Amino acid sequence: MLNNLSKITLYVLIGITVVVSVLFFWGGAVDEYAEYIEPNYTQAMMILMYVLFGIAILITLVSLLIAFLENFKVDKKTATKPLISIFALLALVGFAWLIADGSPMQILGLDAQPTENEIKFVDVQIKAIYLLSGVAVLSMFLSFFTKRLK
């Protein structure tokens, strides 16, 4: 039953994504003669992406909570390991927030300039990607050398 529900949900989300993508790419533009062409369904595409991102976060958190509660009954030490990973990720994002620069900038040709919060939010994402990439590369090197030493 749960497997069928998962498949149905997947097919519905794929269908909605295909429809919105077709509308976005072939649905015309607001002003065909503008310097930068904006598709008619840009807002629908952005809303869909936010909804899918929210669904992914919600499913991740709920499955993490369920797995934690099931493992906590059996072995408390094993159950706390995923929580350590989540707190490490939150600490990394917090560190990225601390080192992010939110100073205002002037973008030429743009009427509505980004606010300080928008700039800081984007900078946090970029710095978090850099930090996570560094952690991934470091873990690959450590894994390689620890296997060689054994």
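Is N71 buried, exposed or partly exposed? At 34% relative accessibility, N71 counts as partly exposed, because its value falls between the limit of under 20% for buried residues and that of over 50% for exposed ones. The model described here is predicted. This briefing addresses its helices, its salt bridge, its largest pocket and several individual residues.

**Helix 2**

- Helix 2 covers residues 42-74, and its 33 residues should span 48 Å at 1.5 Å a residue.
- The C-alpha atoms at the two ends of helix 2 are 49 Å apart, in agreement with that expectation.
- Four names make up the list of buried residues in helix 2: T42, M45, L48 and F68.
- N71 also has its place in helix 2.
- When neighbours within four places in sequence are left aside, N71 is in contact with K76 and A79.
- A79 is itself listed among the buried residues of helix 3.

**L48 and its surroundings**

- L48 lies in helix 2 and counts as buried, because its relative accessibility of 10% is under the 20% limit.
- Beyond its neighbours within four places in sequence, L48 is in contact with I16, T17 and V20.
- Of these contacts, T17 is 31 residues from L48 along the chain, and the C-alpha atoms of the two residues are separated by 7.5 Å.

**Helix 3**

- Helix 3 runs over residues 76-99; with 24 residues at 1.5 Å each, helix 3 should span 34 Å.
- The end C-alpha atoms of helix 3 lie 35 Å apart, which agrees with the expected span.
- The buried residues of helix 3 are A79, L92 and A96.
- Helix 2 and helix 4 are included in what covers these buried residues.

**Helix 4**

- Helix 4 comprises residues 116-149, and the span expected for its 34 residues at 1.5 Å a residue is 50 Å.
- Between the end C-alpha atoms of helix 4 the separation is 49 Å, which agrees with the expectation.
- Buried positions in helix 4 are I119, K120, D123, V124 and A128.
- Helix 3 is included in what covers the buried residues of helix 4.
- L131 is found in helix 4 and is partly exposed, with a relative accessible area of 26%.
- Not counting residues up to four places away in sequence, L131 touches L92, F95 and A96; L92 and A96 are among the buried residues of helix 3.
- L131 and M49 are 82 residues apart in sequence, and their C-alpha atoms are 24 Å apart in space.

**The salt bridge**

- The structure holds 1 salt bridge.
- This salt bridge is formed by the side chains of D123 and K127, with a distance of 3.4 Å from N to O.
- Side chains of opposite charge can pair when their charged atoms come close.
- D123 and K127 are 4 residues apart in helix 4, so about one helical turn separates them.
- The two partners fall into separate accessibility classes: D123 is buried, with a relative accessible area of 14%, whereas K127 is partly exposed, with a relative accessible area of 24%.
- Leaving aside neighbours within four places in sequence, D123 is in contact with A100 and D101.

**The largest pocket**

- The volume of the largest pocket is about 480 Å³.
- Helix 2, helix 3 and helix 4 are the elements that give two or more residues to its lining.
- Helix 2 gives the most to this lining, contributing 5 residues.
- The lining consists of Y50, F53, I57, T60, L61, I86, L89, L90, V93, F121, V124 and Q125.
- By residue class, the lining divides into 10 nonpolar and 2 polar residues, with no charged residue.
- V124, one of the lining residues, also appears among the buried residues of helix 4.

Terms used: Residues are numbered from 1 along each chain as its sequence is written. This is a predicted model: local features need pLDDT of at least 70, side-chain atom pairs count only at pLDDT 80 or more; totals for chains, interfaces and linings use all residues. Side-chain values use heavy atoms; hydrogens and water are left out. A salt bridge is a side-chain nitrogen of Lys or Arg within 4 Å of a carboxyl oxygen of Asp or Glu. Buried means under 20% relative accessible area, exposed over 50%, partly exposed in between (1.4 Å probe, protein chains only). On a 1 Å grid over the protein atoms alone, a cavity is a set of points where a 1.4 Å probe fits but cannot get out, and a pocket is an open set with protein on both sides within 12 Å along at least five of seven lines; lining residues have an atom within 4 Å of a point. Grid points are joined across faces, edges and corners, and a volume is the space filled by probe spheres set on the points. Ala, Val, Leu, Ile, Met, Phe, Trp, Tyr, Cys and Pro count as nonpolar, Asp, Glu, Lys and Arg as charged, and the others, Gly among them, as polar. The expected span of a helix is 1.5 Å times one less than its number of residues. Contact means heavy atoms within 4.5 Å.
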